[in-house]
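Got a few minutes and a viewer open? Load the model below and try each exercise before you read its solution.

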Amino acid sequence: MKHDARFGPRRSVTLPGPLALDGGQTLAPVTIAYETYGALDADRANAILICHALTGDQYVASEHPLTGKPGWWTRMVGEGKPIDPARHFIVCANVLGSCLGSSGPASAAADGAPYAMRFPVITIRDMVRAQMLLMEHLGVPAWAAVVGGSMGGMQVLQWAACYPERVRSAIVIASTARHSAQNIAFHEVGRQAIMADPKWRGGDYYESDDPPSAGLAVARMAAHITYLSEAGLTEKFGRRLQGRESKTFGFDADFQVESYLRHQGISFVDRFDANSYLYITRAMDYFDLAEEHGGRLAEAFRGSKMRFCLVSFDTDWLYPTRESRAVVQALNAAGAAASFVELSSPFGHDAFLLDAPELNRVVDGFLRAGGL
Amino acid sequence: MSLRPDLAIIADHVAPGSRVLDVGCGDGALMAALRDRARVDARGIEIDAANVAAAVARGLSVVQGDADVDLAGYPTQAFDYAILSQTLQTTRAPDKVLDELLRIGARAFVSFPNFAHWRVRLSLLWGGRMPVTRTLPIAWYATPNIHHVTIDDFRAFLKEHGIVTEGAWFLAGDRLTSAAAANFRAEHAVFLIRRG
């Protein structure tokens with residue numbers, strides 16, 4: 001294929017819109033930052049969209065520009081992997097509301113100043129609508145597969161519900177069709193931590209070069225606990241002390257687990273915008289696919305010709321297996337072709353990002369069965 | 001790859017192009033054969049995660065689930081056939097599972113090891129021990145078979161519940177044996193049934 005500026009790593013496109021949002025507002029223009037790997041084949045039938053999680057980004061299989069770390073899903077995406085640029089045309093876009101180049105609260109509004117809290121509240125469906133704009137920009141008639149874990153899985157389900165004629169198969173990993181009270185509760189702790197930081201300033205901190213890092217770090221710490229399992233934490237840290245022989249009878253990070261969480265919090269603020277964290281967690285909390293369909297999840301998939309593959313992990317208490325099972329039951333009730341397996345892992349919700357050979361085998365088999 | 005004899009019988013009698021739910025599908029051997037030979041739209045349920053992963057990796061639509069619990073989520077008469085092979089005797093409530101099978105499928109294939117086979121009888125009669133045979137190879141404390149059933153038990157059950165038998169095959173080893181002496185001579189039975 002001749003060089004086409006739409007394709008490749010570190011791409012961005014600004015589309016005129018307007019994008020009509022669930023909240024009743026519109027967004028225009030809409031900027032989408034994305035990466036593509038591999039080439040669209042002659043009949044444009046090998047395109048795979050990867051949807052990222054809450055704090056993820058488009059750098060699914062290439063170095064992160066801020067942290068210098070390798071892509072977040074190199075175990076799944078890359079040469080010889082189940083999702084392979086040698087065979088597939090792979091797209092991953094930064095979600096609407098995020099801060100790695102797509103339109104979000106840190107973007108400039110019409111008056112030239114950052115939107116901050118003037119950015120409209122968005123939903124998972126709005127994120128998918130933005131991805132649809134990108135799809136048209138790229139000239140992809142239908143995704144051969146849409147794949148995602150956690151919040152990425154919510155987008156996959158939303159694609160299936162909104163645009164079943166534009167997607168042939170769906171892979172939903174460690175995800176859910178709705179946010180539970182407990183999910184919302186943890187997110188609310190994170191949001192309150194950010195908003196309680198005096199440096200948040202009602203969201204208008206961009207000029208100051210002094211963002212609410214402490215609040216955002218606490219939000220990340222609380223959330224990070226939900227990504228791990230109790231057994232995993234015990235195995236990794238137990239009650240071991242951090243670089244000391246005995247307790248200090250003070251409030252330093254005496255325990256290794258404290259030190260680890262603080263590190264998670266501090267390193268997060270270097271790569272993420274606090275306002276984006278507010279907006280994206282809100283979008284997740286609003287997510288309830290059944291609600292959009294009269295309270296019956298099966299209605300979201302009625303008549304669907306798509307193939308579905310769901311995977312959960314036995315130690316994931318953020319989106320436990322029963323949430324995947326509820327989706328599977330809805331798919332069965334709708335007569336859709338569904339596969340589902342609960343895999344065993346000690347690592348809790350984060351398992352989908354870690355080394356999971358069985359997950360790779362399932363994804364590979366499922367994609368190949370679809371001719372990919 | 002050759003199918004287990006009871007699965008081969010089922011595979012030979014499923015109408016091409018039909019919709020099939022295989023309950024307790026294992027690694028999907030029967031489903032794959034049905035798909036490849038007869039363009040059957042096959043779905044499966046399997047309790048063991050490793051089996052499910054193997055089945056999905058061969059491109060089959062299989063969900064991890066339990067026949068005792070998860071059949072309730074399937075719509076009524078959604079399949080031409082529901083298949084329960086070598087699984088009936090492992091369920092907690094075989095009567096309810098059979099009822100669900102006949103609700104979900106227009107017809108059901110049910111296969112099970114016959115507990116009245118002469119080897120089993122001999123083992124109990126002369127040995128006074130729970131049988132460990134070719135078809136029942138696992139000792140009493142470890143066997144998943146918690147509801148042993150004989151061919152005559154099953155026939156009586158069908159009659160009591162007004163269930164119609166459309167076909168029945170009886171296996172001694174991998175050879176068919178006659179219906180008349182089946183309760184004594186057959187190690188396995190395969191029934192094709194529907195609601196009356």
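The exercises below go from whole chains to single residues, each with a worked solution, and the model is a predicted one.

**Exercise 1. Work out how the radius of gyration of chain A fits with that of a compact globule.**

Solution. Start with the inventory: chain A has nine helices and 10 strands. Next, take the C-alpha box along the principal axes, which comes to roughly 65 × 50 × 45 Å. Now bring in the chain length: for 372 residues a compact globule would have a radius of gyration near 21 Å, and chain A, at 20 Å, agrees with that. Then look at burial, where 50% of the 372 residues of chain A count as buried. Finally, check the contacts: of those in chain A between residues at least 6 apart in sequence, 71% link residues at least 24 apart.

**Exercise 2. Do the same job for chain B, starting from its helices and strands.**

Solution. Chain B contains eight helices and eight strands. Its radius of gyration is 16 Å, close to the 16 Å from the globule rule for 196 residues, so chain B is as compact as a globular protein of that length. Along the principal axes, its C-alpha trace spans about 50 × 35 × 30 Å. Buried residues account for 45% of the 196 residues in chain B. As for contacts in chain B with a separation of 6 or more, 61% come from residues 24 or more positions apart.

**Exercise 3. Split chain A into its assigned domains and describe how domain 1 touches domain 2.**

Solution. First, the bounds: the domain assignment puts 11-179 + 288-369 in domain 1 and 183-281 in domain 2. Second, the spacing: the centres of the two domains, taken over C-alpha atoms, are 26 Å apart. Third, the contact itself: 26 residues of domain 1 meet 22 residues of domain 2. On the domain 1 side, those residues break down into 16 nonpolar, nine polar and one charged.

**Exercise 4. Find the angle at which helices α1(A) and α2(A) cross, and classify it.**

Solution. Here's the general idea: a pair of packed helices is described by the angle between their axes and the distance between those axes. The axes of α1(A) (residues 124-138) and α2(A) (residues 151-162) come within 9 Å and cross at roughly 70°. Angles of 65 to 115 degrees count as roughly perpendicular, and α1(A) and α2(A) are therefore roughly perpendicular to each other. To see who touches whom, pick out I124(A), R125(A), M127(A) and V128(A) in α1(A), which meet M154(A), Q155(A), Q158(A), W159(A) and C162(A) in α2(A). By class, that contact has six nonpolar, two polar and one charged residues.

**Exercise 5. Is T176(A) buried or exposed, and what does it touch?**

Solution. Locate T176(A) first: it sits in the loop between β8 (169-173) and α3 (181-196) of chain A. Now count neighbours. The cut-off for buried is 20 or more other C-beta atoms within 10 Å; T176(A) has 26 of them, so it is buried. Skipping neighbours within four places in sequence, its contacts are M154(A), Y319(A) and E323(A). For a contrast in sequence and space, try T248(A): it lies 72 residues from T176(A) in sequence and 42 Å from it in space, C-alpha to C-alpha.

**Exercise 6. Map the side of chain B that touches chain A, then look at the contact of α9(A) with α3(B).**

Solution. Begin with the totals: 15 residues of chain B contact 23 residues of chain A. On the chain B side, α3 (49-57) and β3 (61-64) each supply at least two residues. The largest share, five residues, comes from α3(B). By class, this side of chain B has 10 nonpolar, four polar and one charged residues.

Now zoom in on the helix pair. The axes of α9(A) (residues 357-369) and α3(B) come within 7 Å and cross at roughly 35°. From α9(A), the contact uses E358(A), R361(A), V362(A), D364(A), G365(A) and F366(A), while α3(B) brings A53(B), V56(B) and A57(B). Sorted by class, that gives five nonpolar, one polar and three charged residues.

**Exercise 7. Which residues of helix α2(B) are buried, and what covers them?**

Solution. In α2(B) (residues 29-38), the buried residues are A29(B), L30(B), M31(B), A33(B) and L34(B). Their cover includes α1 (5-13), β1 (19-23), β2 (41-46) and β4 (79-85) of chain B. Step past the end of the helix and you reach R39(B), whose phi is positive, near 50°.

How values were computed. Residues numbered from 1 in each chain as written. Chains lettered and ligands numbered in written order. Predicted model: local features only at pLDDT ≥ 70, side-chain atom pairs only at ≥ 80, totals over all residues. Buried ≥ 20, exposed ≤ 12 C-beta atoms within 10 Å, placed from the backbone. Helix = DSSP H or I, 4+ residues; strand = E, 2+ residues; numbered from the N terminus. Contact = placed C-beta atoms within 7 Å. Nonpolar A, V, L, I, M, F, W, Y, C, P; charged D, E, K, R; others polar. Axes fitted to C-alpha atoms, helices over the stretch in contact; angles between N-to-C directions. Parallel < 35°, antiparallel > 145°, perpendicular 65-115°, else oblique. Rg over C-alpha atoms; globule rule 2.2 N^0.38 Å. Domains from an automatic or database assignment.
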